[in-house]
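User: Please take a close look at one part of this model, the packing of a pair of helices, and set it in the context of the whole chain.

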Amino acid sequence: MRPGFLRRWVVVVTLGEWLGFAAPAIVGAWLLDRPPAVLVPSIIAAGIVEGGLLGGAQWLVLRRDLPRLTASRWAGLTVLGVGAAYPLGLLPSTLQQWWAKWPVVAQALFFVVVGLCLLATIGMAQWLELRHHVGHSGRWVLGTAAAWAGALGAFSLVAMPLWQEGQSMPLRILIGVFAGLVMATVMALVTGLVMRALLRSGSVQAEPAGRARSGDHGSLASGIRQGPTQR
């Protein structure tokens with residue numbers, strides 16, 4: 001691993017996630033009062049932009065230490081992960097009239113399951129590719145889940161007290177974007193520490209000979225289906 005990895009990761013990934021999150025933050029503030037049929041697909045579409053920028057930023061740092069990792073595979077899987085996370089995050093609010101009638105225990109279980117699935121989506125999607133490049137890659141799923149738990153918590157601590165009824169649209173967007181910067185920084189720091197630990201483990205794996213460049217010109221699915229090899 002090259003010197004300064006964590007510094008590069010925190011700076012580049014924070015910027016990528018912050019710029020990417022600006023899309024759903026603006027869309028969410030703009031369409032906050034619209035019905036779910038309009039709000040939900042709009043935020044999911046904006047989340048795809050976020051996933052692409054996040055995955056691209058991470059790849060810019062990783063390409064030095066994982067030269068066989070391609071931008072298309074990493075960013076594509078990140079988009080899939082973010083694209084799954086947003087529907088899960090919006091599920092409690094869109095189905096409130098449904099789960100509000102459940103017993104308290106069932107409600108709590110519902111929130112726990114949805115929350116755990118949400119936190120794991122991005123890490124699990126990226127693991128499908130990361131497992132071909134480093135050993136102990138399952139730790140990435142746990143690490144990213146912890147990172148997003150802290151990041152979303154930081155976002156709520158910053159944004160919720162500042163958002164008030166009757167605020168102007170530009171102010172609501174500004175608060176969301178600022179809270180997004182805090183969220184992105186927390187996420188980048190924690191995921192950077194996890195990725196640095198994986199790279200320092202010295203278990204970077206060699207690519208299978210038949211797969212070496214197929215992912216650059218073949219389909220994303222073919223790269224996902226192949227299992228990891230051992231050094």
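Analyst: From the N terminus on, the elements of this predicted model run α-α-α-α-α-α-α-α-α. That gives nine helices and zero strands. Of the 231 residues in the protein, 43% are buried.

The pair to examine is helix 2 with helix 3. Two packed helices are described by the angle between their axes and by the distance between those axes. Here helix 2 covers residues 36-62 and helix 3 covers residues 71-94. Their axes come within 7 Å and cross at roughly 145 degrees. The crossing of helix 2 past helix 3 is right-handed. As for composition, the residues of this contact comprise 16 nonpolar, nine polar and one charged.

Helix 3 also holds Arg73. This arginine counts as buried because its relative accessibility is 2%, and the cut-off for buried is under 20%. The side chain of Arg73 has a partner: a polar contact joins it to the side chain of Glu129, at 3.0 Å.

Helix 1, which precedes the pair in the numbering, spans residues 5-30. With 26 residues at 1.5 Å a residue, helix 1 should span 38 Å, and its end C-alpha atoms are 37 Å apart, so the two values agree. Helix 1 nevertheless has a bend of about 25 degrees at Ala22. A proline, Pro24, follows Ala22 within four residues.

Key:
Residues are numbered from 1 along each chain as its sequence is written. This is a predicted model: local features need pLDDT of at least 70, side-chain atom pairs count only at pLDDT 80 or more; totals for chains, interfaces and linings use all residues. Side-chain values use heavy atoms; hydrogens and water are left out. Axes are lines fitted to C-alpha atoms, for helices over the stretch in contact, and angles run from 0 to 180 degrees between N-to-C directions. Helices (H or I, at least four residues) and strands (E, at least two) are DSSP runs, numbered from the N terminus. A crossing is left-handed if the near helix is turned anticlockwise from the far one by less than a right angle, and right-handed if clockwise. Ala, Val, Leu, Ile, Met, Phe, Trp, Tyr, Cys and Pro count as nonpolar, Asp, Glu, Lys and Arg as charged, and the others, Gly among them, as polar. The expected span of a helix is 1.5 Å times one less than its number of residues. The bend at a residue is the angle between axes fitted to the seven residues ending there and the seven starting there. Buried means under 20% relative accessible area, exposed over 50%, partly exposed in between (1.4 Å probe, protein chains only). A polar contact is a pair of N or O atoms within 3.5 Å; within protein, one must be able to donate a hydrogen and the other to accept it, and residues adjacent in sequence count only if both atoms are side-chain atoms.
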